[in-house]
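Dear colleague,

I am handing over the structure below for your use. A summary of what was found in it follows.

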Amino acid sequence: MISKPYSKISRHLLATLGGITLTAFAIPAQAFSVNIANGAEPGTLDPQKTSGTWETRITRALFEGLVTYAKDGSLVPGLADRWEVGDDGKTYTFHLRDAEWSDGEPITAEDAVFALRRVLDPAIANQNANLYYPIVNARAINAGDESADALGVEAVDSHTLRIRLTQPTAWFLQALAMTEAAPLPEHVIANEAGWVQPGNTVSSGAFTLDEWQPQSRIVVEKNPHFHAADSVAVDKVTFYPIDDAGSALNRFRTGEMDIAYSSVPSSRFAWARENLGDALRVGPLTAEYFYMFNLHDGQPLADKRVREALNLAVRRDVITDQILGQGQTPSFWYVPRNTANAPQGELDFADMPMEQRLARAKELMQEAGYGPDHPLHLRLNYNTLEDHKKIAVAVAAMWKPLGVEVELINSEAAVHYATIREGNFEVARYGMVATINDPFDFLNAYADNGSASRSSGYHDATYDALVAESTGELDAEKRRQLMTQAQQRLLDDYALLPLYDYVSVHLVSPDLQGWESNPMDVHPLRYLQEREQ
């Protein structure tokens with residue numbers, strides 16, 4: 001049984017001493033505070049510059065979109081209380097509710113226009129900017145070929161926003177639910193470097209930023225100006241940048257942490273399942289764990305034969321079943337199988353016996369000029385986590401018979417992902433967690449100007465065309481066929497090394513309610529409540 005954190009002491013506690021109930025002294029109501037082991041230290045809290053789930057968990061508390069999430073991960077009205085979609089599927093009209101920024105200023109349609117223009121500003125370098133390319137002129141603006149005011153968004157009046165698309169887009173509302181698309185307070189964003197700091201940040205969500213001590217904690221407090229503040233039970237949330245899963249587990253057990261998103265070390269998972277009861281939350285997760293290859297000219301993995309050989313030699317079942325053992329699915333594909341309308345397709349050797357795979361891998365490496373006498377030296381980057389290191393060590397051992405010598409490079413998450421964005425790697429561990437529950441989110445990352453395309457150097461015009469065509473296809477089966485063709489082309493190029501489909505593994509105090517497992521792993525803090533004892 002998990003020890004009960006002091007923050008959960010009943011607000012109506014009666015003290016008893018020597019058999020006499022003491023009721024003469026009123027006990028002041030305690031603030032309902034929640035402590036979260038959040039993983040890594042955020043690189044930023046600017047919602048349009050974040051790159052990791054550990055950051056968006058915080059920005060989601062600070063900024064609400066026109067569309068937002070219910071506690072089960074489904075879409076519900078946010079700052080817009082309703083909207084209409086035109087008959088052609090290309091015009092969206094949002095009606096904003098009466099709401100205020102945390103400084104008391106009204107939230108207007110102009111703030112929404114400002115934010116959508118800003119997310120496409122090339123200087124912002126938003127990693128998901130291409131999710132907004134369906135908006136008229138968005139691609140050209142993001143490429144620097146058009147001015148921001150050419151974007152197909154307009155404030156009809158202070159409470160009405162109209163967005164025009166170039167074509168119908170099945171997942172567009174999901175893109176608007178992301179905090180990077182949330183309206184922003186233009187009236188305070190003057191200092192780009194300082195507006196997301198305590199004392200400067202003006203928010204629209206259920207919480208405001210109260211404190212940020214780097215590498216120590218981030219504190220958010222209930223926003224009294226939030227449009228649904230009366231329904232928010234939590235007074236304060238403290239996020240701790242604990243990226244060591246073992247430390248997060250220990251601090252959860254002592255009651256210091258109420259929620260641990262740092263997962264559970266694979267070495268402690270069986271113990272946690274046996275001893276932590278309902279506190280251990282294992283659920284579906286639309287996310288893929290893979291190794292990204294650097295395919296730029298002059299890199300060793302620009303040679304397709306080497307990429308194929310590295311894929312052939314990895315025993316994915318050993319990683320999922322023996323190293324992790326938490327229910328992950330060995331992956332011979334890129335788009336997780338539990339994604340809504342997931343495409344088919346897989347690596348062509350998926351059913352090949354391991355002995356044949358190794359023989360083929362060695363042949364390919366020899367053709368490419370490598371072997372035990374002429375080893376290929378590779379750098380493999382991974383971010384700090386015990387299981388990431390275990391997997392990297394295992395993969396390096398699987399590659400060794402091919403004549404591959406691996407140098408393992410570990411860094412904390414912010415540095416790791418910055419290294420990938422800069423293209424300063426050869427092989428890099430990557431975890432892609434869906435921002436929208438649609439295959440496009442994954443496939444588009446490797447399309448022209450997608451985040452993975454820019455980092456890895458992968459370019460294929462046919463692949464780009466298939467992904468683009470799938471965006472405008474509203475017939476579900478035809479769309480799935482286009483995405484299947486796209487995924488198979490990516491896999492046939494061995495553009496990456498998929499390892500497994502994730503599951504979510506979190507720790508949540510039984511004293512909390514309002515937290516639900518869901519495939520998008522979205523858990524808005526506004527729904528958390530103390531469980532009645």
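**Findings: cavity, cores, helix and strands**

Helix 1 (53-62) and strand 4 (67-69) each contribute at least two residues to the lining of the second largest cavity. Please note that this is a predicted model. Of the elements that line this cavity, helix 1 gives the most, with three residues. The lining comprises 18 residues in total, and Arg-60, Ala-61, Pro-524, Leu-525 and Arg-526 are those that lie nearest the centre of the cavity. Its volume is about 210 Å³. The search covered the whole structure and found three cavities of 30 Å³ or more.

I turn next to the nonpolar cores. The largest of them has 116 residues, and Ile-163, Tyr-291, Tyr-334 and Trp-399 are the ones with the most contacts inside it. Strand 14 provides the largest share of this core, namely seven residues. Another core lies apart from it and has 35 residues, including Val-220, Ala-229, Ile-259 and Val-508. As a general background, nonpolar side chains in soluble globular proteins tend to be buried together.

Tyr-334 may merit a closer look. When its neighbours within four places in sequence are left aside, Tyr-334 is in contact with a series of residues, among them Glu-288, Phe-290, Met-432, Phe-442, Tyr-446, Gln-487 and Leu-496.

Helix 6 (residues 266-275) has three residues to consider: Ser-266, Phe-269 and Ala-272 are its buried residues. Viewed down the helix axis, they fall within an arc of 75°, so they line one face of helix 6. This agrees with the general geometry: an α-helix has 3.6 residues a turn, so residues three or four places apart point the same way. Against which elements do the buried residues of helix 6 pack? They pack against strand 14 (280-293), helix 8 (316-324), helix 10 (386-399) and strand 19 (496-508). Just after helix 6, Gly-277 adopts a positive phi of about 55°.

Finally, the strand pairings. Strand 10 (residues 207-213) and strand 11 (residues 217-222) run antiparallel and are joined by six bridges; Glu-211 has Val-219 of strand 11 as its bridge partner. Three residues lie between the strands of this hairpin, in which Gln-215 takes a positive phi near 65°. Strand 11 is also joined to strand 12 (residues 236-240), again in antiparallel fashion, by four bridges. In that pairing, Glu-221 stands opposite Lys-236 of strand 12.

Yours sincerely

Technical notes. Residues numbered from 1 in each chain as written. Predicted model: local features only at pLDDT ≥ 70, side-chain atom pairs only at ≥ 80, totals over all residues. Heavy atoms only, no water. Buried < 20%, exposed > 50% of the residue type's maximum accessible area, 1.4 Å probe, protein only. Arc of directions from axis to C-beta. Contact = heavy atoms within 4.5 Å. Pairing = 2+ DSSP bridges. Core = buried A, V, L, I, M, F, W, Y, C linked by side-chain atoms within 4.5 Å. 1 Å grid on protein atoms, 1.4 Å probe; cavity = no way out; pocket = protein on both sides within 12 Å on 5 of 7 lines; lining within 4 Å. Points joined across faces, edges and corners; volume = space filled by probe spheres on them.
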